[in-house]
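Q: Please take a close look at one part of this model, the sheet and the helices packed around it. Walk me through it step by step.

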There are 2 protein chains.
Amino acid sequence: MSQDDLQRSGFKERTRIDEARERLLERVASHDRTERVPLASADGRTLATRVTAPKPVPGYDRAAMDGYAVRAEDTFGASDRSPNLLREGEDVGPETAVRVHTGSELPEGADAVVMIEQVERVGEELEVGDGVAEGENVGPVGEDVAEGQTLYEPGHRVRPSDLGLLKSVGLTEVEVSERPTVAVIPTGEELVQSDPEPGEVIETNGLTASRLADRWGGRPTYRDVVTDDREALRAAIQRDLTKDLIVTTGGSSVGERDLIPEVVDEIGEVLVHGVALKPGHPVALGVVEETPVLMLPGYPVACIVNAVQFLRPALKRAGGMPCEDHPTTEATLERKIRSEPGVRTFARVKVDRGGNETTALPTRVSGSGVLSSVALADGWVVVSEDREGIAEGETVAVEDWEWSA
Amino acid sequence: MSQDDLQRSGFKERTRIDEARERLLERVASHDRTERVPLASADGRTLATRVTAPKPVPGYDRAAMDGYAVRAEDTFGASDRSPNLLREGEDVGPETAVRVHTGSELPEGADAVVMIEQVERVGEELEVGDGVAEGENVGPVGEDVAEGQTLYEPGHRVRPSDLGLLKSVGLTEVEVSERPTVAVIPTGEELVQSDPEPGEVIETNGLTASRLADRWGGRPTYRDVVTDDREALRAAIQRDLTKDLIVTTGGSSVGERDLIPEVVDEIGEVLVHGVALKPGHPVALGVVEETPVLMLPGYPVACIVNAVQFLRPALKRAGGMPCEDHPTTEATLERKIRSEPGVRTFARVKVDRGGNETTALPTRVSGSGVLSSVALADGWVVVSEDREGIAEGETVAVEDWEWSA
């Protein structure tokens with residue numbers, strides 16, 4: 001009997017993962033706080049409002065080619081064998097052309113540009129060997145972006161190329177959603193920050209969950225360890241009810257030292273306790289005074305799996321941020337993965353791109369406590385509830401969950 | 001004739017992209033500077049040295065189950081129908097068991113744990129209903145990580161789960177490669193930072209390239225605009241020869257105002273000028289006093305395509321960082337993409353996940369100057385040199401180049 005099997009025996013039922021997530025997200029409000037940030041600080045942030053172009057780009061008619069700005073009518077009928085004759089001047093006028101470079105403003109009176117290759121200079125005269133239509137080789141006002149054009153909808157996550165576009169329309173700052181705040185509270189009387197004595201364990205879940213929250217766009221506060229004591233746990237949760245979310249790690253199962261679900265039940269509401277996922281079914285989800293409380297299990301791998309399944313979408317929802325799928329890598333499974341029907345299973349794998357084909361080898365799977373099985377893996381394969389394992393040789397999609405923002 | 005076609009006419013030959021990248025990377029040295037950072041600041045950084053575990057995890061034999069620590073021999077032959085009788089004590093000894101919880105230290109003298117379910121307490125006595133072997137339900141020292149075990153090789157990019165593992169073995173900081181430094185110098189007499197008059201253009205390439213360099217692990221310095229003047233350009237490049245890399249934007253083609261390749265040729269060496277890629281063939285790559293100088297074209301899309309193709313791998317090489325493939329999304333092409341054999345083409349697309357299948361629709365492709373065609377796209381489809389376009393309905397891989405680190 002594995003640790004998972006044993007602990008599961010304490011749960012009357014386990015909620016399906018999608019339903020558990022839905023129950024949680026129903027109780028996560030978008031915080032609606034916004035701030036204005038300069039463009040250089042906006043990379044990766046989420047736009048809070050629709051952005052339209054206050055100015056067109058380009059802001060003036062411009063030459064799209066090196067050549068001569070002309071009145072198109074003065075070139076009509078021109079050909080190599082019978083060129084039209086123009087002269088070069090300071091201003092464009094009847095039969096008078098002005099030299100222009102790509103991107104320079106189209107001089108007043110011009111309505112087209114003849115490419116430099118089509119013009120031969122003969123003494124004072126310009127022989128134009130081809131006719132151009134009105135507007136030819138001209139980039140009109142607003143060619144790239146029209147004034148008032150919608151560029152981005154609220155919820156768009158800003159990328160470096162967006163910054164260029166935003167700056168080009170004359171914007172210097174944008175209104176973005178504030179990063180949602182999240183308190184990360186590690187719990188467990190056995191936890192220490194360093195130099196463990198026998199029986200003690202170094203705290204790692206809070207650190208990992210904090211860094212994940214940061215990557216996912218949250219603003220984490222990594223709290224000190226709280227021991228397994230009802231009073232202390234209650235006080236710790238109550239202190240952080242001003243945050244958008246609270247995450248606890250450890251003490252979320254049904255043993256005698258698993259006090260957090262009970263504490264949350266006393267001062268709030270437990271929405272879900274026990275989820276049909278592996279590793280990590282002893283997770284609990286609740287709400288205290290409208291602040292969602294995610295009670296993640298203390299086994300490191302179980303904690304991480306649950307953080308990805310519940311903390312990430314909750315943070316995204318709280319901050320009005322898009323929750324995109326993880327990037328995946330297709331690979332051939334090198335060894336079968338076992339799983340139990342009705343339980344969504346996350347099997348950690350090492351990916352090897354070395355050979356003729358990309359392969360995925362499951363890492364040690366015994367025990368959800370083995371931190372190295374996730375930290376030394378490249379991602380995981382998700383086995384859905386309706387399957388009973390995946391056979392060796394099948395093509396699988398490895399989720400690179402740790403690099404997605 | 002498009003802008004690309006016109007400018008190309010000035011290039012005698014265009015180097016294939018892979019060869020151009022190779023010539024550049026041969027001249028990019030790994031800087032070898034390292035720094036020690038605390039774990040909480042190490043996320044996303046690249047390890048400079050091999051990391052081994054200074055301590056085993058766990059650091060002591062521990063109970064893997066809730067139950068009773070025993071001498072295994074005292075349980076031999078036990079069964080439900082004929083349980084062995086033990087007593088509970090403070091220390092484990094002959095026929096004396098000690099109550100333990102999952103994760104607690106195995107008491108001296110014990111070599112196994114009997115699960116709580118297998119023990120019935122009858123008055124002072126414990127009825128053990130099943131025999132356990134030596135080591136059963138015990139997590140031995142080093143079960144998760146052995147002392148001295150190699151955890152990571154140099155060049156590994158640190159993820160949140162790695163931080164947990166590193167902390168669990170007693171490390172508080174790690175040695176990482178310094179972020180490579182890169183000067184980003186926008187050039188062009190038409191460029192202004194704001195409020196453009198007719199004929200002026202707002203600088204965007206330098207901003208975008210800086211933020212990309214930052215995302216890719218570099219430490220960018222975004223310089224003021226330098227005008228198209230040999231002296232000024234030379235001084236600007238010479239000032240930044242202390243950086244690991246120099247990037248210029250604009251002025252990299254073969255027109256009369258394209259001075260940077262000539263300047264680099266005077267004070268250093270031009271390795272490549274003109275590459276068989278679209279959009280963005282007028283790129284130049286050079287070296288001045290061992291500092292690579294990447295001369296990116298001034299058209300925004302051309303600048304971005306070249307930054308991804310050349311700046312990203314150069315930064316990774318300079319900083320000893322892994323250069324991973326971009327994540328891709330499979331999609332059905334909604335409209336054909338044209339390309340020219342012998343030229344690698346980057347076609348910007350919008351991805352639509354809404355319908356039954358994921359589709360990719362090419363955005364406006366006319367002109368490499370149209371910033372909105374990349375900023376409003378979701379990625380690009382790469383058409384290799386040996387193909388002549390991609391037909392509507394084909395399955396393509398959309399590179400989400402902007403979200404990869």
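A: This is a predicted model. Start with one pair of residues. A:Val287 has A:Pro292 as its bridge partner in β21(A). That pairing belongs to a longer ladder. Strand β20 (residues 284-288) of chain A and strand β21 (residues 291-296) of chain A are joined by five bridges. The two strands run antiparallel. In general, strands of a sheet pair through backbone hydrogen bonds, and the pairing can be parallel or antiparallel.

Now widen the view to the sheet. Six strands of chain A make it up, in the order β16-β13-β17-β21-β20-β18. So where do β20 and β21 sit? They stand next to each other in that order, with β18 following β20 and β17 coming before β21. The sheet is open, and its pairing is mixed. Its edge strands are β16 (219-222) and β18 (269-273) of chain A. Each of these two pairs on one side only. Neighbouring strands are turned against each other by 20 degrees on average, with direction ignored.

Next, add a helix. Helix α4 of chain A lies across three strands of chain A: β13 (181-186), β16 and β17 (245-249). One of them, β16(A), is an edge strand. The helix α4(A) runs at about 165 degrees to β16(A).

Helix α4(A) also has a helix partner. The axes of α4 (residues 205-215) and α7 (residues 300-318), both of chain A, come within 10 Å. They cross at roughly 30 degrees. An angle under 35 degrees counts as roughly parallel, and α4(A) and α7(A) are therefore roughly parallel to each other. Their crossing is right-handed.

Which residues make this contact? From α4(A) come A:Asn205, A:Thr208, A:Ala209, A:Leu212 and A:Ala213. From α7(A) come A:Pro300, A:Cys303, A:Ile304, A:Ala307, A:Leu311 and A:Leu315. Sort them by type, and nine are nonpolar, two are polar and none is charged.

Put the steps together. A:Val287 pairs with A:Pro292. Their strands, β20 and β21, belong to a six-stranded open sheet. Helix α4(A) lies across β13, β16 and β17 of chain A, and α4(A) crosses α7(A) at roughly 30 degrees.

Conventions:
Residues numbered from 1 in each chain as written. Chains lettered and ligands numbered in written order. Predicted model: local features only at pLDDT ≥ 70, side-chain atom pairs only at ≥ 80, totals over all residues. Heavy atoms only, no water. Axes fitted to C-alpha atoms, helices over the stretch in contact; angles between N-to-C directions. Helix = DSSP H or I, 4+ residues; strand = E, 2+ residues; numbered from the N terminus. Parallel < 35°, antiparallel > 145°, perpendicular 65-115°, else oblique. Left-handed = near helix turned anticlockwise from the far one by under 90°. Contact = heavy atoms within 4.5 Å. Nonpolar A, V, L, I, M, F, W, Y, C, P; charged D, E, K, R; others polar. Pairing = 2+ DSSP bridges.
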